[in-house]
Amino acid sequence: MSTPTAAANPALELTGISHRYGRGPWVLRNVDLTITAGETVALVGPSGSGKSTLLSITGLLTTPTEGSVRVGGDPVPQSDGGRSRMRTERYSWVFQTVNVFGARTAQDNVEVGMLSQGVSRREAADRARLALDAVGLSNHRDKPVRTLSGGEVQRVCIARATAVRPLVILADEPTGQLDRATSDVVLDALWGARHPESVLLVATHDPIVAERCDRVVRLLDGAASEAAA
Ligand SMILES: Nc1ncnc2c1ncn2[C@@H]1O[C@H](COP(=O)(O)OP(=O)(O)OP(=O)(O)O)[C@@H](O)[C@H]1O
Ligand SMILES: [Mg+2]
């Protein structure tokens, strides 16, 4: 639920975002998007409409040709180091199986991100346990990740991404490669493990994902529009 205070200080504020790759056509034109803490937002639109581009701009991986991004009320730092720090401290990408330590346990993999953020060992252990419970992996906690199935590894990644309680969670086509049953398990895991104050922004072609979200933002011909809830 959004509160007046949260609305006055949005978690994410994209203003006048326009983007083109090099001298190519404009992919995004003057997109404004404000997201309050705790909101779940689906980005939809045809292939090539700029969903991944907008996600990458939101996640500070791509600098927009025009426009500005504010995160937690703060402008994005100019320096590479500052931007990189902001990415680490305020964002998680889910469904990225990169940087998973296959030889280490699920529990260790989830703890690692929190420890690097300065969370105490005991709290990291507790939060990792809760996050693994929330994604249905209580029984796999002490298994090396390389012995888990693909869907289970994805759920470890969700636990890892949510346990750090980032301001913003980003997901690009989370159910793209999954059958319906597996994608339901994975989505339940994500919704179940997400800290209620974390924003979730997800680019998707899947109407079932969009239906789960509080808001649906549609990209078409470079412009963003939103159906009234
Ligand atoms: N690195 C790049 N260099 C040049 N053009 C790019 C680059 N990345 C994307 N584009 C172009 O920008 C447009 C938007 O691409 P984007 O990947 O954001 O679309 P999308 O909505 O995520 O599509 P899909 O649903 O297929 O994933 C496309 O025309 C694409 O070809
Ligand atoms: Mg895409």
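In this predicted model, the shell around ligand 1 comprises three nonpolar, eight polar and one charged residue. Its members are Tyr21, Gly24, Val27, Gly45, Ser47, Gly48, Ser49, Gly50, Lys51, Ser52, Thr53 and Ala203. Lys is classed as charged, and Lys51 belongs to this shell. Tyr, Val and Ala count as nonpolar. Gly is placed with the polar residues.

Among the contributors to the shell around ligand 1, helix H2 gives the most, with three residues. The helix spans residues 51–58. Six of the eight residues of H2 are buried, so the helix is largely enclosed by the rest of the structure. The buried positions are Lys51, Thr53, Leu54, Leu55, Ile57 and Thr58. Of these, Lys51 and Thr53 also appear in the list of residues around ligand 1. After H2 comes Leu60, which has a positive phi, near 65 degrees.

Ser52 lies in helix H2 and is one of the residues around ligand 1. Its environment was examined separately. Ser52 has 16 C-beta neighbours inside 10 Å and therefore counts as partly exposed. Burial would require 20 or more such neighbours, whereas 12 or fewer would make a residue exposed. Leaving aside residues up to four places away in sequence, Ser52 touches Asp172 and Ala203. Ala203 is itself among the residues around ligand 1. Glu13 is 39 residues from Ser52 along the chain, and the C-alpha atoms of the two are separated by 17 Å.

Methods
Residues numbered from 1 in each chain as written. Chains lettered and ligands numbered in written order. Predicted model: local features only at pLDDT ≥ 70, side-chain atom pairs only at ≥ 80, totals over all residues. Near = placed C-beta within 6 Å. Helix = DSSP H or I, 4+ residues; strand = E, 2+ residues; numbered from the N terminus. Contact = placed C-beta atoms within 7 Å.
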